[in-house]
Amino acid sequence: MAAPDGKALFPNEGDHLTLPSPTVTKERSTPGERKITPKPKPYLQEQGKSLINQLSISIRIAQIYDRENSVFLKQMENLFNLVSSLLEKEQVLNINSKQGYLFVNEARLKFSLDGYVASKFIMETFRKFGFESLLIDTPVSQQEIDEFIFILAQANAEGEDPFERLQNKLLSSNLQHIRIEKFASDWEMGDDSSPENQKKQAKRRFFKTISVAQEMVESVKTGRSINTTKSKRAIQFLIDQLIKNETNLMSLTAIKNFDEYTFAHSVNVCILSVSLGARLGLSKGKLSELGFAALFHDIGKVRLPLNILNKPGELNEEEWMEVRKHPVFGVKTLLSKRSIDRFSTRAMVVSFEHHLKPDLSGYPPLSFKKGINMCSRIVTIADVYDSMTSGRVYTKTPMIPDEALRKMLQEEGKAYDPVLLKVFINMLGIYPVGSVVILDTGEVGVVMKANPVELSRPEVAIIADSTGKKEKIDTVDLTKTDEATGKYTRAILKTIDPRQYDLDIARYIY
Amino acid sequence: MASIKEKNISKYGPDDEISAKIAEIEVDPVVLESVKRLLQLLNNTLKSLQIYPKNNPLPKEFKKKLYVGLNEFLDSNDELKLDIESSQMMLDQRVVYEDGEREEGMSYILHRDGIRELVFLKGLDPGEIDDFIEVMESGLGSKELEEDLVTLLWEKDFNHIKYLVVDDLLDVQVPTAEEIPDSWDFHRLFSSEIAPVKQEIAVDLDPTALTQQEQTKELLKKLKEYSPEEIENIQKLLELDEGYQYLDEFFDILTEIWMVEPDFSEFDLTMEAVEKIIDVIITIADFSSASKIMGRLRKLEEMMRKSSSPSDSLQAKKAERTRQVIDRAGDEERIKKISQILNEKENIDLLSVKEYLFTLNWNSIPFILHMLRELKEFLARKMVCDILVAKGKDKLEIVKDGLSDGRWYVTRNVIWIIGGIGAAEGVKFLKPLVRHPDLRIRKEIITSLIKIPGPEAGALLVLLLEDEDKRIRSLACLGLTKRKERGALPALMAILKDEEFRDKSPDEKKYMIESYASIGRDEAIPLLVNMINRRSWLKRDKHNETRIFAIGALGLIDSIKAKEALLLLHKKRNKVLRNACEENLRRLELRQARGGDGRSRRESVISE
């Protein structure tokens, strides 16, 4: 079998698989002169998104139903029809997961809210089994598609070399036109793109951003000029990290007992806001504006008296009046930067608006404004959630994450943009990362990763078994079922407040 | 995907290590040469874009060649990885590009912003090349680049261009899990949290727990699925944000703050910041934003004046401070800066400069006037003239100061401006210049006088009929004709009756006679007929020339009386005169048959 460019697509054993080169039509007009005209393929973007959705649905259906079930068969028919129609135009389909993006041939798919879960699910499936590319060649049959989906849905990603085991199963099933290709090393990580290294990178990135935020605030306090380039770079790095692996950074936002929590709070709000923005399909440019604004949403607090900021008890009315000035102080502080661009103006707008509610109540009081900026709406949600769970100025007693989300949900529409809040909760899951949970097995665990498909079944690190033995074992996936009974092996019974038992979740997150 | 990676500069090692490596690495000389050519092509593309507009064929051609060349290279080499140094680019430690001497070239701008490696990958598309060139062009074009090169590259989110950026991430101290004490009270947790749970599991879940489970399921369902309305709401929010106008939003919140600011010193501080912002914006030649800011400030001043009252002097004080900011934006220093920018920078959007200048207060007029001395380009000077026409309506006293400038072109521009303003008051400023030694100035006065209504302007034009230069006299005739300046008739009549009239040049004679006919119409017929009938034995050729012009002028009058006069004159024995009458009658009839607008051809020409 040969690819259109004449290179072997599925070469003999020992050969390396060659990715089809991006589609360009090459003509020679005059000798020695080469004319290259790119062939635009807008359909790849739209149909590519449908393909990812259909693949995601198919795998999930195959995890529930057996191969003879009509629901499964109907879904497989849909998938086959879509694949066939794409193959008529493309000859080869290369679904590739790279650097936090999904590609269908040369098209990098842009996912918005409605396709986000499916794309995350597919990327996660690829990652779990260690493959970067799924290649489908013409003429693939319905039977081959059914077989592949079924094998993939039933395969176990736990244990040694899941790629090898999956690959062997596919080979033994004699799939002629479907093949997977292993992850190549990450260009950015060099040769060490292991999960441990990625985690280490994320941690460094997180603390680097804290130090940048701290530096900027110090500059403001001492009246020095503000270097925004440093902050922008730090945010760009964070966004890149979030696009590739959201979990590592999100888990760090759950740690609340930093010495200088003010700065960690800003970084947490930045991470939570950018993650929410990414789910809405915002471009990198918009995400960095949002990140910048989120990082400096509370910059006005530098002008508040320390005795109010650090007051251990509840604030009195006079103190509250002072606190309510910080959005305006924020604008004035950023204004002193004496240069305006889309970053600083967005930051000023967010600083001004992040305590305003959708009905324009809240503070500061308004006279002319008619609406609230999208970034402000996002930052408000992230700010309140992080404040509630850390026991900051507004609520002195920290809430456990799921309790905070429930409380926020009670005020949806009134205090927060209802749809954005819904996206936020979908992002964090019912049990957000860092929640300490008691499982129905009697085990104690810390939620390490949200499940975008099954919100109540995240990945959990078991930190103590049911006999009372403290331990840290591998993370378990709560969607895992018992092969014999088909029932889930574990479920969350309830969440607890770790602070009551002096349990520091940072030990399990670091 | 354009990506960023931490990298320690020291990784490159000392020079001796590099030299040792150079000896080890062999580079295909053909590859080396083609990379050199490609980088030269990139450099040429960027340089051509600094000189020519984007749609000029030259940069377009360079760009095309670069795209073709890069793809040919990548077809056979998969990637082009360049190490970036402060003034050089290296391929496998061989120099493949060098910035010119004392030049802040491609290497310099990349290195300055921390880029140490640049990689082009196979599959590069024209859009990516365009975007890359656009970023590099911004980097080369402005020293005051608000967003650094890395930000610009990063936001382009390339699929086939990557780069490494210096990052001091390795210096960050991070805590480790081992540092966190493992001292939590498990026994207390076990007895209060796990033991009761174990009991619950043993007796199975009670009905209340089942209801809770159902509620959770419901909640999950509500959370997981987005309704079409919700998707639509998000879409609306995103669309709204696509049209986000950062300056508008910025001034919306500032207006909120300013209007209620109780502390004048705080207000003053923010206004000071706005002044600095305006300075920065002008420096980076963003006149569109600058004019937007000025518009908002003017509106703010107005709102504050409206809301001020005798009992509340703060608003009036704030309004006054706002006016000062607007005044400052048009002071000598800032206007000089604008002139400097217009003289030094290419491709400045003059329309936005015009908008900005228009928003300034009248205090700026003397300095804007001064721009006419400084600006080198015609289009920029024209823009300033237009602005002064618009802004100088009530400030002629200031504008007229430019008339005394020693430079002829400034004086001429100001005469044009006075004409554009079109105020009768302007004539008195032009009058002293009617005997200006420079012909160009006197010509411009005529052009301006045509546009200024009132008898004073006409009288000045009449005065110019006596100019020493026949071209000015002829132009004055045209001007008078265009104005239908009846006040000029006696002067014209006197000139036509003068014995020396026939000695004037044919052109001047023609203009004068036609002017007299066009303005006087039927009133002019007797003198014209008289001029035709009059016989003279001296200078007969010149006399006959005058008679022919007079017949032509009758033909231009296009009235019954003029036709009758021509019919009478047609009976003359003089064949030349008869033929001239015949010709003019024929033209007259033709015009009438075509249903003309009644205006003579000359009149039409003049009015055009």
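Which residues does Lys128(A) touch, not counting residues up to four places away in sequence? I looked this up first and found Ala157(A) and Pro162(A), where two residues count as in contact if their C-beta atoms, placed from the backbone, lie within 7 Å.

**Ground rules.** I am working from a predicted model, in which local features need pLDDT of at least 70 and side-chain atom pairs count only at pLDDT 80 or more, while totals for chains, interfaces and linings use all residues. Residues are numbered from 1 along each chain as its sequence is written, and chains are lettered from A and ligands numbered from 1 in the order in which they are written.

**Lys128(A).** I placed Lys128(A) in helix H3 (residues 113–129) of chain A; helices (H or I, at least four residues) and strands (E, at least two) are DSSP runs, numbered from the N terminus. I noted Lys128(A) as partly exposed because 16 other C-beta atoms lie within 10 Å; a residue is buried at 20 or more other C-beta atoms within 10 Å of its own, exposed at 12 or fewer, and partly exposed in between, with C-beta atoms placed from the backbone. I also checked Ile430(A), which is 302 residues from Lys128(A) in sequence and 23 Å from it in space, C-alpha to C-alpha.

**Chain A overall.** I counted 18 helices and 12 strands in chain A, and of its 510 residues 47% count as buried. The chain is divided into domain 1 (40–182), domain 2 (195–427) and domain 3 (436–509), with bounds that come from an automatic or database domain assignment. I read 30 Å between the C-alpha centres of domain 1 of chain A and domain 3 of chain A.

**Strands E3 to E5 of chain A.** I followed strand E3 (residues 92–98) of chain A into E4(A), with which it pairs in the antiparallel sense over 4 bridges; two strands pair if DSSP finds at least two bridges between them. Asn96(A) stands opposite Phe103(A) in E4(A), and in this hairpin, with 2 residues between the strands, Gln99(A) takes a positive phi near 50°. Along strand E4 (residues 101–104) of chain A I saw the side chains alternate, with Leu102(A) and Val104(A) buried and pointing to one face, while Tyr101(A) and Phe103(A) point to the other and are not buried. E4(A) also pairs with strand E5 (residues 107–108) of chain A, antiparallel over 2 bridges, and the bridge partner of Val104(A) there is Ala107(A). In the hairpin of E4(A) and E5(A), Asn105(A) takes a positive phi near 50°.

**A sheet in chain B.** I traced an open sheet of 5 strands in the order E3-E2-E1-E4-E5 (chain B), with antiparallel pairing. Its edge strands are strand E3 (94–98) and strand E5 (161–165) of chain B, each pairing on one side only. Strand E2 (residues 88–91) of chain B pairs with E3(B) over 4 bridges, and Met90(B) stands opposite Val95(B) in E3(B).

**Cores and interface.** I found 198 residues in the largest nonpolar core, where Leu238(A), Leu461(B), Leu528(B) and Leu554(B) touch the most other members; such a core is a set of buried Ala, Val, Leu, Ile, Met, Phe, Trp, Tyr and Cys residues joined through C-beta atoms within 7 Å. Helix H9 (residues 261–279) of chain A gives the most to this core, with 10 residues. Finally, I noted that the contact takes 73 residues from chain A and 71 residues from chain B.
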